[in-house]
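Welcome to this tour! Open your viewer, keep the selection tool at hand, and let's walk through a few stops together.

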Amino acid sequence: MDELMEKIESKQFSAGEKLPSENELADCYRVPRMTVRAALTKLEERGYIYSKQGKGRFLKEESIPIQLHLTGKVSFTEKMEQAGYDLETRLISCEKISYEEKIYKLLECEREDKVYKVSRIRIIDGQTMAIHNSFVSEKMFPEIEKEGVCISSMFAYYRKHGHTEFASSKTMLGISFPTSTEQQLLHCQSMVPLIMVESDCVDAATGDVLEHTRILYRSDKFKYDITMD
């Protein structure tokens, strides 16, 4: 598996190219066919290759380069549109969450306050890219339970409520693996790492915390040019 990954990384295989068969690889490496199948299965789970029924396994297309802004005054939607990407946003849900100390503390909420999670799926040029989870307090936005089901852009929603300038207090990067629900939403395998970006959005004029954001990006379909505004 390591040798196949090295060949993939060094571009000895081309995007869309059919890989050698299990029998060919077994002969090449002098190992049982089951060993080859296990290695190929792991590569598929990690998002390097894909299978076609009755035709074999193929190398996935090259990752799409996306410029990822970690901080700034412009919304994700606006950044993608400015970069010329065809962006589609679909609302997944708007639901009240159970008490979570970290989020409640970041939103400056007490335990008895209500916090809602607005979840949206992001699709770039027809390919599912990310899940955006925005945590918003009812204390800050009293109608969030009713209005949340109509939100496609959080910044547009905030502007509607009188907040016009935005800033980020801190941004954290991490890695996670998708749950079964996230696998379905992102159309990925269980072993495909997700880039997790957590940040806060504040009103630049007042310092009020508007939301805490937790975004999950696919790591196998996209390459991210990380910039700091």
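Here is a short walk through a predicted model, one selection at a time.

**Stop 1: residues 1-62.** Begin by selecting residues 1-62, which an unreviewed UniProt entry annotates as "domain: HTH gntR-type". Its end C-alpha atoms are 19 Å apart, and the span is 47% helix and 13% strand.

**Stop 2: helix α3.** Now select residues 33-45, which make up helix α3. How far apart should the ends of these 13 residues be? At 1.5 Å a residue, the helix should span 18 Å, and its end C-alpha atoms are indeed 18 Å apart, so the two agree. Next, colour V36, A39, L40 and L43, the buried residues of α3. Looking down the axis of α3, you will find these buried residues within an arc of 95°, so they line one face of the helix. Why does such a pattern arise? An α-helix has 3.6 residues a turn, so residues three or four places apart point the same way.

**Stop 3: E78 and S153.** Move on to helix α4, residues 76-82, and pick out E78 there. E78 is partly exposed, because its relative accessible area of 25% lies between the 20% and 50% cut-offs. Then add S153: it is 75 residues away from E78 in sequence, yet their C-alpha atoms are 9.1 Å apart in space.

**Stop 4: a surface patch.** Finally, select F177, in the loop between β8 (171-176) and α8 (180-186). With a relative accessible area of 45%, F177 is partly exposed. Add I175 and M191 to see a nonpolar surface patch: together with F177, they have about 300 Å² of accessible area.

Methods:
Residues numbered from 1 in each chain as written. Predicted model: local features only at pLDDT ≥ 70, side-chain atom pairs only at ≥ 80, totals over all residues. Heavy atoms only, no water. Patch = residues over 30% accessible without salt bridge, like charges linked within 9 Å, V, L, I, M, F, W, Y side chains within 5 Å. Areas by Shrake-Rupley, 256 points an atom, 1.4 Å probe, with all protein chains shown as cover. Salt bridge = Lys/Arg side-chain N within 4 Å of Asp/Glu carboxyl O. Helix = DSSP H or I, 4+ residues; strand = E, 2+ residues; numbered from the N terminus. Buried < 20%, exposed > 50% of the residue type's maximum accessible area, 1.4 Å probe, protein only. UniProt positions renumbered as here; feature names shortened; annotations may be inferred. Expected span 1.5 Å × (residues − 1). Arc of directions from axis to C-beta.
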